[in-house]
Amino acid sequence: MNSYLTEDLDPDGLLIVTLADPSGPLNRTTDQFKAELAALLDRLEAAPPKGVILRTDRDAFGVGGDVDQIAALAAAGVGESFADSQRIKALFRRIESLPLPVVCLIEGMAVGGSFELALACHAVFARADARIRLGFPECSIGLVPGAGGLLRCVHLLGEDAARSLIVDATLIAPDRALELGLVTGLAENRDALMAAARAWIAENATPARPWDRKRHKVPGGGPYDRRGRYLARQGHVSGLVKRGHGRQMARITALSAICDVAACGFADGALIESRAFARQATSAEARACIGLEIKDKSVLKRAPSRPQGVPAQVLPTRVGILGAGLMGAGIAFANARAGYPVALADVTREAADRGMAQVRADVDRALRRSQMTAAEGAALLARVTPGVGTAHLAGCDLMIEAVTEDIGLKQRVLREMETLLPPEGRLASNTSALSITGIAQALARPEAFLGLHFFSPVDRMHLVEIVVGARTGDAMLALAHDYSRSLRKQPITVADSHGFFASRVFQKFIYEAAALVGEGVPAALIENAALQAGYPAGPLSLIDDTALTLSLKVIDHAAEAAIASGHAPENHPGEAIIRTLALDHGREGRRAGAGFYDYTPTGKFPWPGLADLASRRLRPTPAPEEIAERYLTAQCCDVLRCLAAGVIRSSAEVNAGAIRAIGFPAWTGGPLRLIAEEGAAPFLARSRALADRHGARFALPFTNTDALAALLDRAETFDTEPAMTQG
């Protein structure tokens, strides 16, 4: 087995220790690292050199803990997680207690456990590079720092600064770390870093950390040292509870630990941090967040639904977009931001200019948020050329249609666009529900056509749904994956069926809310139950925002698709409520000033007439938990139907798509992770109970636990076995 730590004693008596994790490209605090560090410390304590310099030859100093090891510890229980936190803290405590100077050099990203290692050294010098990020992302994945990071930040910075760094999981650049005092100095390159480390060691032969000096106090004092500070902390906790609706406990646990650490000594603070770490490491929140943010992301980087064996495709040199509405302009912005020259066309000059104005608005927003420089914004705008008609797209080798959701119109304009393409050119449609196979019937080269369903707002939604038609070729699918990634968006691949994956699963959420209106449930309860369940917005507000008329089009398209495939339309009870509200009462949504809500200059209010839509056979008013159960189960059931029908195949793509595109509650880690956490048998029992009470929309296409477990296993297996073809 290769070593993690290599040692080189130089002529000046300084020991250079280089970190290189043999288990992967990024340094992590693995069991091997801990064992080798313990052995190194034994030698240093027995025969200390003049000083030690820790460094790495890799691009990143390190990314922290091994999440698989954390998961194994969590499975073993709170006690083992606590003990492991104490073990690594004891190692890091031995570093700073050595009778010799230890300096850490950071030339790339250092986050989590790796930054905790750096803070345990007597001095830290970092490369002066604004792209480098330092800090503690643990709270963003349901964890709390457990190797002394929280403890040392409080004792170095005080409560307030530690809260921003730990609770908010803010990653900072080296210059900001220098301002805070987390690093000792900056240097421009490796040689300068080494020189700075040598000079510091020469001047600090017996350094001591602040908490090892007499009369050390936490900067700014503890939570009880200033009048009103404790009440302010209670306000912070209340804000976190409200923001996460009591389901995102990592930040609350971290804030509580920061307050407690600030109120006691260093040794007791170490125990407090370990308890907080162990509590979160064994939580369902951590399992879900680690699964989504680390494991699923790792799977998605491997692109499980990209056809295996198809080489990297030649990316387009110029992208044409027909339709300069909100979606078309957003797609133009995303392409221009990625460096593509863009031709943006619409039927009139006025419409094209409105689209260009929207691109400018997107640039202005990015400038306000410091997401690009003024020069980058100007260059982006220069890459977009508005024009009139399909002829404006001549010279583009990728054309994307983003016109109104009408299959006849799409077929006509795509046929015109195809005639303008070069021999190797490709076509795509931004439809959110219409059949790609049906649209392709109008094309001469259906193998070079598929759906690219972007989500609104395009500049902020980082997912693209790739829709594979019956005759879409593997080369086209591979190009769609490569192109989507060039836009810095995550692609998921779905088969061609009405609503594809994201739209149809989203509809189950809003239709269930509309059905609750029909049962006489107050609008405030319907909305708040969704927010408390972790949805980012209330479903009735979402229906109004997207327009009830659009929902009616989707409902009608779904019915037509069902009939064409030989099935009866679903006739969800929520559909009838939307239809009645829009057609019988003329309430078309927010833009019309009236939908489920009335919109006035002073705000929006539930329409009083909603009560009149309720069925005469009223059920007792359900509790928020029961409503949330219906939302979650309705969507999970449809996810399982999609898997069973082959609409989507990848477990990671299901979870990422549901959370990133349609707002499925993030605390769950995704629909399939929520089902797995509950267990196949309990979920199936719940589905049956809801089907008995509310109808077939909660029924599943299988009746036993083994079938459900096999379906979940199949989705997991897909992510580990590269796809040969997706068409």
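This is a short walk through one sheet, one buried glutamate and some salt bridges in a predicted model.

Okay, let's start with the sheet. It's an open one with 8 strands, and if you read across it the order goes E13-E12-E11-E14-E15-E16-E17-E18. The pairing is mixed. On the outside you've got strand E13, residues 384-388, and strand E18, residues 490-495, and each of those pairs on one side only. Going from one strand to the next, the twist averages 25°.

Now let's look at strand E11, residues 319-322. Is E11 covered on one face or on both faces? Both, as it turns out: Val 319 and Ile 321 sit on one side, Gly 320 and Leu 322 sit on the other, and all of them are buried. As a reminder, side chains in a regular strand alternate between the two faces of the sheet. E11 runs parallel to strand E12, residues 342-346, and 4 bridges join them. If you want a spot to click on, Val 319 stands opposite Val 342 in E12.

Let's move along the sheet to another pair. Strand E16, residues 449-454, and strand E17, residues 463-468, are antiparallel, again with 4 bridges. Look for His 453 there, and you'll find its bridge partner in E17, which is Glu 465.

Let's stay on Glu 465 for a moment. It's a buried residue, yet it has no salt bridge. How far away is the nearest side chain of opposite charge? That's Arg 504, at 9.0 Å. A salt bridge needs the nitrogen and the carboxyl oxygen within 4 Å, so that pair doesn't make the cut.

What does the side chain of Glu 465 reach, then? One thing is the backbone nitrogen of Ala 502, at 2.9 Å. Another backbone nitrogen, that of Phe 501, lies 3.1 Å from a polar atom of the Glu 465 side chain. If you skip its neighbours within four places in sequence, the residues in contact with Glu 465 include Gly 451, Leu 452, Phe 455, Ile 492, Val 494 and Phe 500.

Right, on to salt bridges. How many are there in the whole structure? The search finds 44. I'll show you a few.

The pair I'd pull up to begin with is Asp 10 and Arg 198, where the closest N and O atoms are 2.6 Å apart. This pair links distant parts of the chain, 188 residues apart: Asp 10 is in the loop between strand E1 (5-9) and strand E2 (14-19), while Arg 198 is in helix H8, residues 190-203. Asp 10 is buried, with a relative accessible area of 11%, whereas Arg 198 is partly exposed at 29%.

Next up, Glu 405 and Lys 410. Their side chains meet in a salt bridge at 3.2 Å, N to O. Here the lysine is the buried partner: Lys 410 has a relative accessible area of 1%, and Glu 405 is partly exposed at 22%.

Then there's Asp 545 with Arg 590, at 3.5 Å, N to O. These two are 45 residues apart and also link distant parts of the chain, with Asp 545 in helix H21 (residues 539-546) and Arg 590 in the loop between helix H23 (573-584) and strand E19 (597-600). Asp 545 counts as partly exposed at 42%, and Arg 590 is partly exposed at 43%.

And one last stop: Arg 55, Asp 57, Glu 107, Arg 127 and Arg 190 are joined into one network by salt bridges that share partners. That's me done, thanks!

Technical notes. Residues numbered from 1 in each chain as written. Predicted model: local features only at pLDDT ≥ 70, side-chain atom pairs only at ≥ 80, totals over all residues. Heavy atoms only, no water. Pairing = 2+ DSSP bridges. Axes fitted to C-alpha atoms, helices over the stretch in contact; angles between N-to-C directions. Buried < 20%, exposed > 50% of the residue type's maximum accessible area, 1.4 Å probe, protein only. Lys, Arg positive; Asp, Glu negative; His and termini not counted. Polar contact = N/O pair within 3.5 Å; in protein donor to acceptor, adjacent residues only side chain to side chain. Contact = heavy atoms within 4.5 Å.
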